[in-house]
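Hi everyone, thanks for making time for this. I'd like to walk you through a structure that is new to most of you, so let's put it up on the screen.

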Number of protein chains: 2
Amino acid sequence: MKVRVHVSLKPGVLDPQGRAVHHALEGLGFSGIEDVRVGRLIELDVADGTSDEALDEMCRKLLANTVIENYRIEKAA
Amino acid sequence: MKVRVHVSLKPGVLDPQGRAVHHALEGLGFSGIEDVRVGRLIELDVADGTSDEALDEMCRKLLANTVIENYRIEKAA
């Protein structure tokens, strides 16, 4: 079973990487960009019987830092 | 306009970060994990009139390394 975990910084948390990308895009001549945030996309290939609870636990224990990051679990077909 | 860019390593490209996460998950006692790949999720807030071509160009020029990475542009509402 393919599972995608989207990890992004919580609103209000400073994102220096996003700011650097924003600045670089403007330097390349792209205009109209208001904000850039950079997060992680983790693609897991897990056994079919893996429970939602186990996936959630993986996120809380390792994949995301829940103090500053939000995560979203998306199951692919 | 909110745009999400999903950047992931092409199949066959070695992913040491994914391997480290895989190993760490097993170390935490999670079983049945077959593969882990780690990519980036870039959330852009751009002007409404931004063309698909401009978004594609941003990805090719800066956001993704097209030699080793694939990208997918997803427009949110």
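How many salt bridges are there between chain A and chain B? The count is 0. Keep in mind while we talk that this is a predicted model.

Okay, so what does the contact between the chains consist of? Chain A puts in 33 residues, and chain B puts in 33 residues. For the size of it, people often quote the accessible area that is lost when the parts come together. Here the area buried between chain A and chain B is about 2,700 Å². Carbon and sulfur atoms give 66% of that area. There are polar contacts too: 10 residue pairs between chain A and chain B, with both residues at pLDDT 80 or more.

Let's look at the chain A side. Which elements of chain A supply at least two residues each to the side that touches chain B? They are β1 (2-9), α1 (16-27), β2 (33-46) and α2 (52-63). The largest share comes from β2(A), with 14 residues. If you sort the side of chain A that touches chain B by class, you get 18 nonpolar, 5 polar and 10 charged residues.

Now, please find β2(A) on the screen. This strand pairs with strand β2 of chain B, residues 33-46, in the antiparallel sense, and there are 13 bridges along the pairing. If you want one spot to look at, A:Gly39 stands opposite B:Leu41 in β2(B).

While we're at the contact between chains, here's one residue from the chain B side. B:Ser8 sits in strand β1 of chain B, residues 2-9. Is B:Ser8 buried or exposed? B:Ser8 is buried, at a relative accessible area of 18%. Leaving out residues up to four places away in sequence, B:Ser8 touches B:Gly39, B:Ile68, B:Glu69 and B:Asn70, and also A:Glu43 from the other chain. Hold on to A:Glu43, please, as we'll meet that residue again.

Next, the strands inside chain A. Start with β1(A), which is mostly covered, with 6 of its 8 residues buried. β1(A) runs antiparallel to β2(A), and 6 bridges join the two. On that side, A:Lys2 stands opposite A:Asp45 in β2(A). β1(A) also runs antiparallel to β3(A), this time with 7 bridges. There you can pick out A:Val5, which stands opposite A:Ile73 in β3(A).

Back to salt bridges. Between chain A and chain B the count was 0, but how many are there over all chains? The count comes to 14. One of the salt bridges is formed by A:Lys2 and A:Asp45, whose closest N and O atoms are 3.9 Å apart. This pair links distant parts of the chain, with A:Lys2 in β1 and A:Asp45 in β2, 43 residues apart. As for cover, A:Lys2 is partly exposed at 48% relative accessibility, whereas A:Asp45 is buried at 17%.

Then there's A:Arg4. A:Arg4 forms a salt bridge with A:Glu43, and the closest N and O atoms are 3.4 Å apart. Here too distant parts of the chain are linked: A:Arg4 is in β1 of chain A and A:Glu43 is in β2 of chain A, 39 residues apart. A:Arg4 is partly exposed, at 23%, and A:Glu43 counts as partly exposed, at 25%. A:Arg4 forms a salt bridge with A:Glu74 as well, with the closest N and O atoms 3.8 Å apart. Because A:Arg4 lies in β1 and A:Glu74 in β3, residues 69-75, this pair ties together parts that are 70 residues apart in sequence. A:Glu74 is partly exposed too, at 29%. Put these together and you have one network of salt bridges with shared partners, joining A:Arg4, A:Glu43 and A:Glu74.

Last stop: a helix. A:Leu55 has its place in helix α2 of chain A. A:Leu55 counts as buried, at 2% relative accessibility. What does A:Leu55 touch, not counting residues up to four places away in sequence? The list is A:Val3, A:Val46, A:Thr50, A:Ile73 and A:Lys75. For a sense of distance, the C-alpha atoms of A:Leu55 and A:Gly27 are separated by 40 Å, and these residues are 28 apart along the chain.

That's my tour. Thanks for listening!

Terms used: Residues numbered from 1 in each chain as written. Chains lettered and ligands numbered in written order. Predicted model: local features only at pLDDT ≥ 70, side-chain atom pairs only at ≥ 80, totals over all residues. Heavy atoms only, no water. Contact = heavy atoms within 4.5 Å. Buried area = accessible area lost by both parts, 1.4 Å probe. Salt bridge = Lys/Arg side-chain N within 4 Å of Asp/Glu carboxyl O. Polar contact = N/O pair within 3.5 Å; in protein donor to acceptor, adjacent residues only side chain to side chain. Helix = DSSP H or I, 4+ residues; strand = E, 2+ residues; numbered from the N terminus. Nonpolar A, V, L, I, M, F, W, Y, C, P; charged D, E, K, R; others polar. Pairing = 2+ DSSP bridges. Buried < 20%, exposed > 50% of the residue type's maximum accessible area, 1.4 Å probe, protein only.
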